Amino acid sequence: MSDPYFQQLFSQRIGGPDYGKGTEIYKFEKIKRAKRKARADRPERPLVDFGIGENDEMAPRSVREEMANEIGRPENRGYADNGIAEFKAAAAAYMQREFDVRLNPETEVNHCIGSKTALAMFPAVLIDPGDVTLMTVPGYPVAGTHTKYYGGEVYNLPLRFENGFFPDLDSIPPEVLKRTKLLVLNYPNSPTGKVASREFFARVIAFAEQHRLVVVQDAAHVMLTYEGQPLSILQVPGGKDVGVEIHSLSKGWNMIGWRMGFVCGHERLVRAFADVKDNCDSGQFIAIQKAAAVALDDPETPRLVREKYRRRLEKLVATLGRCGFDCRMPGGTYFLYARAPKGIKGGPAFANAEEASQYLITEHSICTVPWDDAGPYLRFSVTYEARDEEMEDELMEETEDRLKGIGLVF
Ligand SMILES: Cc1ncc(COP(=O)(O)O)c(C=O)c1O
């Protein structure tokens with residue numbers, strides 16, 4: 001097929017004139033293809049799918065009912081711009097209830113169409129060409145991608161087991177720090193499952209003040225905290241002086257597809273974010289904002305979601321432990337991050353987690369997500385579909401049977 005006349009016009013940020021010609025397949029596409037192949041090659045062997053990173057249940061009935069009521073109201077039909085007061089008030093009340101953080105709903109809270117979009121927009125608030133964003137790896141790369149779109153640079157901070165899955169802030173070269181404007185954190189951390197401590201956040205705040213940089217703390221998984229109580233950086237003295245926190249309705253309330261979240265923290269940063277956002281979208285549908293306000297007013301749903309995933313993670317930790325994996329209960333998220341096997345007894349050796357993951361899916365129909373950024377790890381998600389606890393137990397038995405028979409070497 002010949003190139004369209006505009007082939008030479010694609011921006012460098014997406015590959016320039018080579019856009020669309022690469023043969024590189026991205027990790028999640030590779031997994032999708034491997035899943036399809038496993039199903040086709042072994043239709044009699046059910047896929048054990050620990051690869052999905054989305055809640056397996058619908059949003060609570062109260063939220064769906066509110067949506068059903070609000071969807072028909074003419075006053076909800078228009079552009080929502082930077083959001084309705086009712087949602088901002090619900091977000092501020094939630095922050096007060098869950099974290100004892102007091103926010104002015106008018107000036108210190110702004111909704112976003114899911115936290116992904118807020119992470120994509122935030123670099124526009126701060127990053128000019130040559131500026132640096134510090135990102136933790138493995139992690140959710142969106143803010144880094146957009147930093148590069150603006151001509152900025154990303155400096156990666158690996159999250160290693162030896163450092164308790166916290167970034168080593170002292171390792172950043174002074175030349176990089178001088179150009180750094182933004183530090184993006186994510187706790188509870190995806191995929192490592194690490195939760196932040198007050199001491200860690202206090203250190204981050206002192207670091208930000210010392211080096212005059214802004215902190216964006218991605219709290220998308222915060223209601224899935226198993227170790228201690230859910231923690232906001234805004235609870236820690238000085239937190240609001242150095243940045244913002246991004247919250248999401250996706251994980252804690254089973255509202256993945258609804259696309260609702262909010263940014264909160266320093267008034268000037270929230271305002272700057274709202275200005276950028278105003279130039280990107282016209283706000284989430286008001287009926288969804290009203291339904292999300294109902295969700296935030298309900299403390300029970302996140303507790304139920306948390307207990308379900310805690311139970312599933314505990315079962316998975318025990319199951320994988322019996323199969324030779326060295327893993328422990330994560331502090332948060334619905335992910336278990338376990339060191340990848342090195343190979344198979346009498347069989348292939350794996351050069352990295354990606355090879356281990358490909359082997360498990362193609363040979364044994366067990367789907368995981370590999371991470372090789374800071375050592376070879378497999379991410380097991382417990383968002384698989386299972387009707388009840390009996391089905392969860394059956395799935396664990398099936399997993400154990402298959403894994404024990406493989407002869408994994410660690
Ligand atoms: C760490 C992290 N941040 C942000 C998001 C985006 O969440 P949403 O856009 O659904 O709020 C995800 C989604 O998987 C995530 O894992």
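## A tour of the pockets, cavities and backbone

Start by selecting the ligand: it sits in the largest pocket. Keep in mind as you look around that this is a predicted model.

**Stop 1: the ligand and its shell**

Show the residues around the ligand, and you should find 13 of them, with Ser 115, Asp 218, Ser 248, Ser 250 and Arg 259 the closest. Colour this shell by class to see 7 polar, 4 charged and 2 nonpolar residues.

Now draw a few distances. From Asp 218, a polar side-chain atom comes to 2.5 Å from a nitrogen atom of the ligand. Pick Ser 248 next: an N or O atom of its side chain is 2.7 Å from a ligand oxygen atom. At Lys 116, turn on the backbone, where an N or O atom lies 2.9 Å from an oxygen atom of the ligand. How much of the ligand's area does the protein bury? Taken alone, the ligand exposes 400 Å², and 90% of that is buried by the protein.

**Stop 2: the pocket around it**

Zoom out to the whole of the largest pocket, whose volume is about 1800 Å³. Its lining counts 47 residues; to find the centre, select Phe 28, Gly 139, Tyr 140, Pro 141 and Trp 371, which lie nearest to it. By class, the lining splits into 19 nonpolar, 14 polar and 14 charged residues.

For a ribbon view, highlight α1 (27-41), α4 (115-126), β3 (132-137), α5 (142-149), β4 (153-158) and β12 (369-371), each of which supplies at least two lining residues. Which element gives the most to this lining? That is α5, with 6 residues.

**Stop 3: the second largest pocket**

Move on to Phe 161, Phe 165, Thr 192, Arg 328 and Tyr 337: of the 19 residues lining the second largest pocket, these lie nearest its centre. The space here is about 380 Å³. Select 335-339 to bring up strand β9, which gives the most to this lining, with 4 residues. Colouring by class again shows 10 nonpolar, 5 charged and 4 polar residues.

**Stop 4: the enclosed spaces**

Rolling a probe the size of a water molecule over the atoms shows where empty space is left. Searching the whole structure turns up 3 cavities of 30 Å³ or more, and the largest cavity has a volume of about 80 Å³. To frame the largest cavity, select its lining residues, among them Leu 119, Met 135, Tyr 140, Val 184, Asn 189 and Asp 218. The elements β3, α5 and β5 (180-186) each give two or more residues to this lining, and β5 has the largest share, with 3 residues. The class count for the cavity lining is 7 nonpolar, 4 polar and 1 charged.

Asp 218 is worth a second look: this residue lines the largest cavity and is also among the residues closest to the ligand.

**Stop 5: backbone details**

Most residues other than glycine have a negative phi, and most peptide bonds are trans. Three places are worth checking against that background.

- Select Val 137 and Pro 138, which are joined by a cis peptide bond with omega about 0°. Pro 138 is in the loop between β3 and α5.
- Go to Ser 190 and Pro 191 for another cis peptide bond, with omega about 15°. Pro 191 belongs to the loop between β5 and α7 (198-211).
- Finish at Asp 81, a residue other than glycine with a positive phi, near 45°. Asp 81 lies in the loop between α2 (61-71) and α3 (85-99).

Definitions and conventions: Residues are numbered from 1 along each chain as its sequence is written. This is a predicted model: local features need pLDDT of at least 70, side-chain atom pairs count only at pLDDT 80 or more; totals for chains, interfaces and linings use all residues. Side-chain values use heavy atoms; hydrogens and water are left out. A residue is near a molecule or strand if one of its heavy atoms lies within 4 Å of it. A polar contact is a pair of N or O atoms within 3.5 Å; within protein, one must be able to donate a hydrogen and the other to accept it, and residues adjacent in sequence count only if both atoms are side-chain atoms. Accessible areas come from the Shrake-Rupley method with a 1.4 Å probe; for residues, only the protein chains shown count as cover. On a 1 Å grid over the protein atoms alone, a cavity is a set of points where a 1.4 Å probe fits but cannot get out, and a pocket is an open set with protein on both sides within 12 Å along at least five of seven lines; lining residues have an atom within 4 Å of a point. A molecule sits in a cavity or pocket if more than half of its atoms lie within 2 Å of its grid points. Ala, Val, Leu, Ile, Met, Phe, Trp, Tyr, Cys and Pro count as nonpolar, Asp, Glu, Lys and Arg as charged, and the others, Gly among them, as polar. Grid points are joined across faces, edges and corners, and a volume is the space filled by probe spheres set on the points.
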